[in-house]
Amino acid sequence: MNEFFSLDQIDEVATTISAQTTQSPSVGLILGSGLGTLADSVEQPALIPYDELPFWPVSTVIGHQGRLVLGKLEGQPVMVMQGRAHYYEGYNMAQIGLPVRVMQRLGVEILIVTNAAGAVNPDFNPGDVMLITDHLNLIGMAGLTPLRGPNLDELGTRFPDMGQAYDWGLNDLAREVAHENNLLLREGVYASLSGPSFETPADLRFLKAIGTDAVGMSTVPEVTVARHGGTRVLGLSGISNKANLDGSTITTHEEVLEAGEMIVPKLLTIIRGVLNRL
Ligand code: HPA
């Protein structure tokens with residue numbers, strides 16, 4: 001396993017992709033658990049299975065298809081990750097960050113990242129969509145960051161600013177689209193944990209106390225790499241379940257996937273609307 005990737009290795013992946021399509025993506029999309037059917041809307045798709053790409057982390061989790069879809073959405077050239085890999089699957093943080101690095105080398109300037117998340121905010125319900133306005137990098141605070149290792153100076157600075165991790169301009173576009181389509185768009189802070197076990201009630205009380213609205217097992221490493229390389233980010237969480245704050249209910253992966261079906265049409269409306277306004 002590669003602990004860190006060199007620019008040459010990242011470019012090797014990028015070249016493998018560009019050899020299979022004439023499209024140069026300007027928007028990257030990462031689809032979270034149960035949200036993969038969003039990629040079905042991509043026009044003139046070129047499909048590349050992850051296992052045909054060097055170094056690429058292959059998702060092993062049910063609900064993650066594991067391929068790239070390159071094509072057009074609302075006229076924009078997009079590169080969609082239909083499924084992502086998570087740290088808990090055994091990949092290291094460099095591997096989790098690799099796809100975003102490759103996107104950057106292919107010319108992607110905007111990353112739209114989605115995930116399934118549990119609602120810590122008691123006002124949120126399964127099926128809601130939450131605009132991620134900020135994140136709590138708990139997994140990073142514990143030392144797990146994709147930026148560990150030699151800094152790739154060609155891509156970004158050693159100490160990247162994270163003040164506007166989620167781009168204010170893109171957030172406004174998402175709000176506008178939601179409003180025009182009469183869609184309830186929640187807003188809040190996403191906290192990233194490693195998983196794969198769901199949280200204990202004490203974990204959740206802690207998360208709530210520090211300002212978490214939704215909790216999940218992904219996204220923050222990819223956003224960190226995106227911001228390091230100057231890529232603007234729009235983050236959307238699909239709320240799949242209410243977090244089990246008092247221990248009286250059981251959270252399951254099946255529930256997470258089921259909620260995805262409710263969430264995909266809403267996400268698609270927001271993403272199409274934002275792409276249309278770029
Ligand atoms: N916790 C953590 N990750 C999740 C959850 C949750 O409740 N739901 C979906 N992903």
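These are my notebook entries on the ligand site and the pocket around it.

**Ground rules.** I'm working from a predicted model, where local features need pLDDT of at least 70, side-chain atom pairs count only at pLDDT 80 or more, and totals for chains, interfaces and linings use all residues. Residues are numbered from 1 along each chain as its sequence is written, and side-chain values use heavy atoms, with hydrogens and water left out.

**Ligand shell.** I listed the residues around the ligand (a heavy atom within 4 Å of it). Among them are Ala116, Gly118, Phe198, Glu199, Met217 and Ser240. By class I get 6 nonpolar, 4 polar and 1 charged, with Ala, Val, Leu, Ile, Met, Phe, Trp, Tyr, Cys and Pro taken as nonpolar, Asp, Glu, Lys and Arg as charged, and the others, Gly among them, as polar.

**N and O atoms.** I then looked up distances to ligand nitrogen atoms. A polar side-chain atom of Glu199 is 2.9 Å from one. For Gly118, a backbone N or O atom lies 3.3 Å from a ligand nitrogen. An N or O atom in the Ser240 side chain sits 3.4 Å from a nitrogen of the ligand. Taken alone, the ligand exposes 260 Å², and the protein buries 95% of that (Shrake-Rupley method, 1.4 Å probe).

**Which strands?** I found that strand E5 (110-119), strand E8 (214-216) and strand E9 (232-242) each give two or more residues to the shell; strands here are DSSP runs of E, at least two residues, numbered from the N terminus. E5 has the largest share, 3 residues.

Terms used. A polar contact is a pair of N or O atoms within 3.5 Å; within protein, one must be able to donate a hydrogen and the other to accept it, and residues adjacent in sequence count only if both atoms are side-chain atoms. Helices (H or I, at least four residues) and strands (E, at least two) are DSSP runs, numbered from the N terminus.
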